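Please work through the exercises below with the sequence and the structure at hand, and try each task before reading its solution.

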Amino acid sequence: MSIETPGLGALIIILIMAAVTLATRWGGVWVMSFVPISYRVQQFISAMSGSVLVALLTPLALNGDNGARLGLLATAITMLLLKKPLPAIAAGIVVTALFRQL
Amino acid sequence: MSDVNPPLHELNPHNVWTGFKQLVPLSLFVVVFGVAFGLAATQTGLDNPSIIAMSALVFAGASQFASLELWGAQVALLPLVITVFAINARHLLMGATLYPWLRHLPPAKRYGVMLLVSDANWAMSMQAFSRGEPGMGLLFGGGLAIWSFWILGTWLGLYFGSAIQDPMSLGLDMVMSCFLLAMVAGGDKSLRLLIIWIVAAVAALLAYWYLPANSHVVVGALAGGILGALWMENKR
């Protein structure tokens, strides 16, 4: 099924996208309201919360250019040393930008 | 996170405003992404009200960019729905991870707060919660900051988008990745977590190579989560 984009069509498409996205924002909370929060579930949740980010970042790091990789490395090192996010992010961006100027 | 104290989930105007302010620095970069999206969307041929409406109502950058790839005189609905769902499926996991704190809120507030969940405010609030600090203001106030700056950026992109010559050469594409990595590196660390993350990374890569597009985040996160549930920390 397709929708024509001129006129109202674009708005309908956007509303469908918004509904799908809202379902993802609400779905996890809704499902969890049926799950008793046992110690095992807590452990699942806390392991998953870091894993989401790791899973998001790994392909980016692997497929990125060397500038991106060095930037991520700089962020990780700065964060481990200083434990402050803003300097860590700044270090990553600066390293990426400098490398890409070369 | 063995103990959930009631004050941690408190949501009041004061901590919402504090959360808003804490995410303003990052939101300035969100403006740049918004500009890039606004520009890309005009170039794809969407009209201005539609573009602003998309940023305001969908509020999920990666899926909005992906929808532009599918845009034309006609848009096939099923591929669009699948793409948007797959890219945004990580929200399901974010909602689940927030549930131990969200469950203390009445349903209207609980689902109201979730309207504005995105990567950055979720990561900040989870970090606060896991340190035993209140995080609900960060989640909602921070979400308000990111949402409003995202719309502002989109709007600027409609008119001034072409002013940014080459965001890549300035490293601006790396802001969100570096931020999320900083959240990982700043959290708890242990041998158990390190192994869980390695498993998540390997699973994500395998899914990235061999499974349908955009499935890798969910696959990797679930792999890490399941390992965490099987190999539990000793109860303190």
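The exercises that follow concern a predicted model, and each task is followed by a worked solution.

**Exercise 1. The build of chain A**

Task: Determine how many helices and strands chain A has, and in what order they run.

Solution: Begin with the count, which for chain A comes to 4 helices and 1 strand. Then follow the chain from the N terminus, where the elements of chain A run β-α-α-α-α.

**Exercise 2. The dimensions of chain A**

Task: Set the radius of gyration of chain A against that of a compact globule of 102 residues.

Solution: For a compact globule of 102 residues the radius of gyration would be near 13 Å, whereas chain A has 20 Å. Next, take the extent of the C-alpha trace of chain A, which spans about 50 × 50 × 25 Å along its principal axes. Finally, turn to burial and contacts: 44% of the 102 residues of chain A count as buried, and of the contacts in chain A with a separation of 6 or more, 30% are between residues 24 or more positions apart.

**Exercise 3. The contact between the chains**

Task: Describe the side of chain A that touches chain B, by its elements and by the character of its residues.

Solution: First take the totals, with 64 residues from chain A and 81 residues from chain B in the contact. On the side of chain A that touches chain B, two or more residues come from each of β1 (2-4), α1 (8-32), α2 (39-63), α3 (66-82) and α4 (85-101) of chain A. Among these elements α2(A) gives the most, with 22 residues. By character, this side of chain A divides into 40 nonpolar, 19 polar and 5 charged residues.

Now look at the strands: β1(A) is joined by 3 bridges to strand β1 (residues 74-76) of chain B, and the two run antiparallel. Within this pairing, Ser2(A) stands opposite Ala76(B) in β1(B).

**Exercise 4. The largest nonpolar core**

Task: Which residues have the most contacts inside the largest nonpolar core?

Solution: The core has 105 residues, and those with the most contacts inside it are Cys178(B), Phe179(B), Leu180(B) and Ala200(B). Helix α1 (residues 13-44) of chain B gives the most to this core, with 12 residues. Taking Leu180(B) further, and leaving aside its neighbours within four places in sequence, one finds it in contact with Leu53(A), Leu56(A), Leu57(A), Asp119(B) and Ala123(B).

**Exercise 5. A proline in a helix**

Task: Decide whether Pro13(B) is buried or exposed.

Solution: Pro13(B) is found in helix α1 of chain B. Because Pro13(B) has 9 C-beta neighbours inside 10 Å, and a residue with 12 or fewer is exposed, Pro13(B) counts as exposed.

Definitions and conventions. Residues are numbered from 1 along each chain as its sequence is written. Chains are lettered from A and ligands numbered from 1 in the order in which they are written. This is a predicted model: local features need pLDDT of at least 70, side-chain atom pairs count only at pLDDT 80 or more; totals for chains, interfaces and linings use all residues. The radius of gyration is taken over C-alpha atoms; the globule rule is 2.2 Å times the number of residues to the power 0.38. A residue is buried if 20 or more other C-beta atoms lie within 10 Å of its own, exposed if 12 or fewer, and partly exposed in between; C-beta atoms are placed from the backbone. Two residues are in contact if their C-beta atoms, placed from the backbone, lie within 7 Å. Ala, Val, Leu, Ile, Met, Phe, Trp, Tyr, Cys and Pro count as nonpolar, Asp, Glu, Lys and Arg as charged, and the others, Gly among them, as polar. Two strands pair if DSSP finds at least two bridges between them. A nonpolar core is a set of buried Ala, Val, Leu, Ile, Met, Phe, Trp, Tyr and Cys residues joined through C-beta atoms within 7 Å.
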